[in-house]
Amino acid sequence: ANVMYSGGPLTLGLGLQNVDDTSGTVAGDQDADEVLLAGTYAIGAFKILAYYANTDLGTADNMKVGGLGGAYTFGANTVSAVIAKAQDVRGVTGDD
């Protein structure tokens, strides 16, 4: 499910997703819930963006990701950059 608002320079979006392993073909708890919130704000040719995502895999496994970025459009070209950080990474290969 998702909802989106766009008015003037502001765009906001919220997405929700649930995935269940109803077939039971994968061992363990394979239930996944995800929430994504994102927004942009345009100032002339510049656009600022931010997003936050939280993925919960049912047990103690989850991950939170936040990002901030910007874009500049000139003619038919756009240059953009985004920086993101993952937090509370559990159950995912690698360090927390």
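**Exercise 1: Around V35**

Find the bridge partner of V35 in β4, then work out what else surrounds V35.

*Solution.* Let's go one step at a time.

Step 1. In strand β4, N54 is the bridge partner of V35. Keep in mind that you're looking at a predicted model.

Step 2. Which strand holds V35 itself? V35 belongs to strand β3. Strands β3 and β4 run antiparallel and pair over eleven bridges.

Step 3. Now list the contacts, skipping neighbours within four places in sequence: V35 is in contact with L14, G15, L16, Y52, A53 and N54. The bridge partner, N54, is on that list. For L16, the C-alpha distance to V35 is 4.7 Å, although the two are 19 residues apart in sequence.

Step 4. Is V35 buried, partly exposed or exposed? Buried needs under 20% relative accessible area and exposed needs over 50%. V35 has 35% relative accessibility, so V35 counts as partly exposed.

**Exercise 2: Strand β1 out in the open**

Decide whether strand β1 is largely in the open or covered, and look at two of its residues.

*Solution.*

Step 1. Strand β1 covers residues 2-7, and of these six residues the number buried is zero, so β1 lies largely in the open.

Step 2. Try V3, which sits in β1. V3 has a relative accessibility of 52%, and because the cut-off for exposed is over 50%, V3 counts as exposed.

Step 3. What does V3 touch, once residues up to four places away in sequence are set aside? V3 touches L12, G13 and L14. Looking further along the chain, V3 and L37 are 34 residues apart in sequence, with 9.9 Å between their C-alpha atoms.

Step 4. Now take G7, another residue of β1. With a relative accessible area of 24%, G7 is partly exposed. From G7 to Y41 there are 34 residues in sequence, and the C-alpha to C-alpha distance is 10.0 Å.

**Exercise 3: Pairing and turning**

Work out which strands pair with each other, and what happens at the hairpins of β1 with β2 and of β3 with β4.

*Solution.*

Step 1. Start with the overall layout: the protein chain has six strands and zero helices. Along the sequence, this reads β-β-β-β-β-β.

Step 2. How many bridges join β1 and β2? There are six, and the pairing is antiparallel. Follow one of them: N2 has G15 as its bridge partner in β2.

Step 3. Check the hairpin of β1 and β2. Two residues lie between these strands, and G8 takes a positive phi near 60°.

Step 4. Do the same for β3 and β4. This hairpin also has two residues between the strands, and here G44 takes a positive phi near 65°.

Step 5. Add another pair: β4 and β5 are antiparallel over eleven bridges. Within this pair, L49 stands opposite G69 of β5.

**Exercise 4: A nonpolar patch**

Name the residues of the nonpolar surface patch and find the element that gives the most to the patch.

*Solution.*

Step 1. The patch is made by Y5, L10, L12, Y41, I43, F46, I48, L68, Y72, F74, V79 and I83, and its area is about 1,200 Å².

Step 2. Sort these residues by element. Those giving two or more are β2 (10-19), β3 (32-43), β4 (46-56), β5 (62-74) and β6 (77-90).

Step 3. The top contributor is β5, with three residues.

Step 4. Pick one patch member and test how open it is: I83, in strand β6. With a relative accessible area of 62%, I83 is exposed.

**Exercise 5: The whole chain**

Describe the chain as a whole: how much is buried, how much surface there is, and how confident the prediction is.

*Solution.*

Step 1. The protein chain has 96 residues, and 12% of them count as buried.

Step 2. Its accessible surface comes to about 6,800 Å², with 59% of that belonging to carbon and sulfur atoms.

Step 3. Take the contacts with a separation of 6 or more: 26% of them join residues 24 or more positions apart.

Step 4. The mean pLDDT is 84, and 77% of the residues score at least 70. Which elements mark the lowest and highest mean pLDDT? The lowest is β6, at 88, and the highest is β1, at 95.

How values were computed:
Residues are numbered from 1 along each chain as its sequence is written. This is a predicted model: local features need pLDDT of at least 70, side-chain atom pairs count only at pLDDT 80 or more; totals for chains, interfaces and linings use all residues. Side-chain values use heavy atoms; hydrogens and water are left out. Patches are made of residues with over 30% relative accessible area and no salt bridge: like charges are joined within 9 Å, nonpolar side chains (Val, Leu, Ile, Met, Phe, Trp, Tyr) within 5 Å. Accessible areas come from the Shrake-Rupley method with a 1.4 Å probe; for residues, only the protein chains shown count as cover. A salt bridge is a side-chain nitrogen of Lys or Arg within 4 Å of a carboxyl oxygen of Asp or Glu. Helices (H or I, at least four residues) and strands (E, at least two) are DSSP runs, numbered from the N terminus. Buried means under 20% relative accessible area, exposed over 50%, partly exposed in between (1.4 Å probe, protein chains only). Two strands pair if DSSP finds at least two bridges between them. Contact means heavy atoms within 4.5 Å. pLDDT is the predictor's confidence in each residue, from 0 to 100.
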